[in-house]
Amino acid sequence: MTLSKEFLQELEQAQLGNTNWEEYHQPIMPQEVVDLLEVKSGKVIVDATLGGGGHTELFLSLGAQVIGFDQDEEARVWAKQRLSHYGDKLTVVASNFAHIDEKLSELGVDSVDAIFADIGVSSHHLDADYRGMSFQRDGALDMRMNQTGQQISSEQTGKTAAEIIAQTDAETLSYWFKTYGEEPMAWRLAQRIVEAREHTEFKTTLQLAEFIKDQMPAKRLAMSRKHPATKVFQALRMVVNAELGVLEAFLPRAVSCLKVGGLVGVMSFHSLEDRQVKQFFKKKSQKMLDQPNWPAPRANPDYSLDVVTSKPVMAGEDEVANNPRSRSAKLRVARRAV
Ligand SMILES: C[S@@+](CC[C@H](N)C(=O)[O-])C[C@H]1O[C@@H](n2cnc3c(N)ncnc32)[C@H](O)[C@@H]1O
């Protein structure tokens with residue numbers, strides 16, 4: 001399915017001129033997503049991460065019906081209003097995608113043709129000071145994508161980044177900074193934060209960002225083009241929103257919601273998330289299992305998927321030049337086999 005010239009022009013103009021689009025996310029790899037998910041008129045597609053509705057708009061423009069999930073109220077309100085001219089072709093669901101199966105069954109939907117997730121935060125989350133995710137704009141140290149205070153996922157504690165920083169021991173903080181942020185100074189930063197807590201309460205984004213910067217050796221500050229707090233902020237955001245936990249819950253549930261022959265596509269921005277998707281697809285796509293101590297290979301009771309993308313699909317050079325955020329996106333797609 002080829003996107004119309006007019007639509008691609010609109011996208012390009014939006015990218016250049018329309019701040020709403022910029023704030024609320026530009027769809028990444030639009031052509032690849034619609035091709036690989038075989039989006040066309042009459043299909044029912046779940047967009048598990050509605051965001052600004054960029055991908056959802058593509059699906060709707062091609063005649064599909066879309067059920068869009070988002071745990072963020074701002075995203076839901078914005079996308080619903082922006083796409084209101086599609087009427088009942090779009091259903092918006094207030095939920096973490098970890099509950100996809102329950103929510104679809106509440107809507108009376110047994111199975112769908114495709115499920116797409118573009119995981120992570122939107123550029124709006126990163127830009128808006130009051131979301132507490134930006135180390136460049138001052139705001140309360142929040143970082144929750146779901147700011148309603150309601151627990152809409154059992155995987156998430158509902159705690160803000162400020163609460164997590166105040167309540168977590170140095171070993172755990174260090175583990176998170178290292179594992180989720182790949183921060184080489186994880187232990188030192190965690191220790192310093194715990195020491196500073198004796199007399200300081202970390203309440204705002206700039207306060208924490210400046211504190212982290214102050215701990216960095218001059219050499220690292222001179223060598224890196226990225227803000228020194230980038231890695232710690234990423235790690236905290238992943239913890240606050242339980243990003244790996246909800247992805248783990250989502251994948252098998254998403255497969256259970258697909259028709260046989262239906263497609264699931266996940267676009268991730270972090271190597272741990274991509275690995276999780278890759279391993280899940282691998283485990284579910286092996287028809288036979290074998291072990292040295294078995295007399296013969298056995299059928300895999302978990303076989304349910306065929307992998308469509310043997311390697312992750314990545315944005316082309318032109319897209320990366322226009323939208324730097326697309327650089328780290330990896331898209332994997334699999335088809336429900338049984
Ligand atoms: C990267 S943006 C999606 C942008 C969208 N594809 C577009 O083109 O406009 C991710 C969105 O997914 C939401 N989100 C992230 N993780 C989620 C989860 N586990 N459940 C529900 N929504 C989630 C975020 O709140 C955010 O609005």
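1. A residue is called buried when its relative accessible area is under 20%. In this predicted model, Phe 233 has a relative accessible area of 3% and is therefore buried. Much of what follows concerns the helix that carries this residue.

2. Helix α13 spans residues 230–240. It is mostly covered, with 8 of its 11 residues buried. Those buried residues are Val 232, Phe 233, Ala 235, Leu 236, Arg 237, Met 238, Val 239 and Val 240. An arginine, Arg 237, is thus listed among the buried positions of α13.

3. The surroundings of α13 are helical elements from several parts of the chain. Its buried residues pack against α8 (161–167), α9 (170–181) and α10 (186–196). They also pack against α11, α14 (243–256) and α15 (271–285).

4. The packing of α11 on α13 can be described in more detail. Helix α11 covers residues 205–215, and its axis comes within 10 Å of that of α13, with a crossing angle of roughly 135 degrees. This crossing makes α11 oblique to α13. On the α11 side the contact involves Thr 205, Leu 208, Ala 209 and Ile 212; on the α13 side it involves Val 232, Phe 233 and Leu 236. By residue class the contact holds 6 nonpolar residues, 1 polar residue and no charged ones. Val 232, Phe 233 and Leu 236 also appear among the buried residues of α13.

5. The search for aromatic pairs over the whole structure returns 5. One of them joins Phe 135 and Phe 233, edge-to-face, at 5.6 Å centre to centre and 85 degrees between the planes. This pair links distant parts of the chain: Phe 135 lies in the loop between α7 and α8, Phe 233 lies in α13, and the two are 98 residues apart. Phe 135 has 17% relative accessibility and so counts as buried, while Phe 233 is buried at 3%.

6. A further pair is formed by Phe 202 and Phe 211. Their ring centres are 5.1 Å apart and their planes stand at 70 degrees, so this pair is edge-to-face as well. Phe 202 is buried, at 4% relative accessible area. Phe 211 is buried too, at 17% relative accessibility.

7. Two arginines are placed over aromatic rings. The charged end of Arg 298 sits over the ring of Trp 294, at 3.8 Å from the ring centre. Arg 325 lies over the face of Phe 269, 4.2 Å from the centre of that ring.

8. Backbone angles deserve a check at two positions that are not glycine. Ala 242, just after α13, takes a positive phi of about 45 degrees. Ala 242 is in the loop between α13 and α14, and with 15% relative accessibility it counts as buried. Glu 38 has a positive phi of about 50 degrees. Glu 38 belongs to the loop between α3 (30–36) and β1 (44–47). At 34% relative accessibility, Glu 38 counts as partly exposed.

9. A last point concerns Ser 123, in helix α7 (residues 123–127). Ser 123 counts as buried at 15% relative accessibility. Ser 123 and Lys 213 are 90 residues apart along the chain, and their C-alpha atoms are separated by 23 Å.

Methods:
Residues numbered from 1 in each chain as written. Predicted model: local features only at pLDDT ≥ 70, side-chain atom pairs only at ≥ 80, totals over all residues. Heavy atoms only, no water. Helix = DSSP H or I, 4+ residues; strand = E, 2+ residues; numbered from the N terminus. Buried < 20%, exposed > 50% of the residue type's maximum accessible area, 1.4 Å probe, protein only. Axes fitted to C-alpha atoms, helices over the stretch in contact; angles between N-to-C directions. Parallel < 35°, antiparallel > 145°, perpendicular 65-115°, else oblique. Contact = heavy atoms within 4.5 Å. Nonpolar A, V, L, I, M, F, W, Y, C, P; charged D, E, K, R; others polar. Phe/Tyr/Trp six-rings, centres within 6.5 Å; stacked < 30°, edge-to-face > 60°. Lys NZ or Arg CZ within 6 Å of the ring centre and 35° of its normal.
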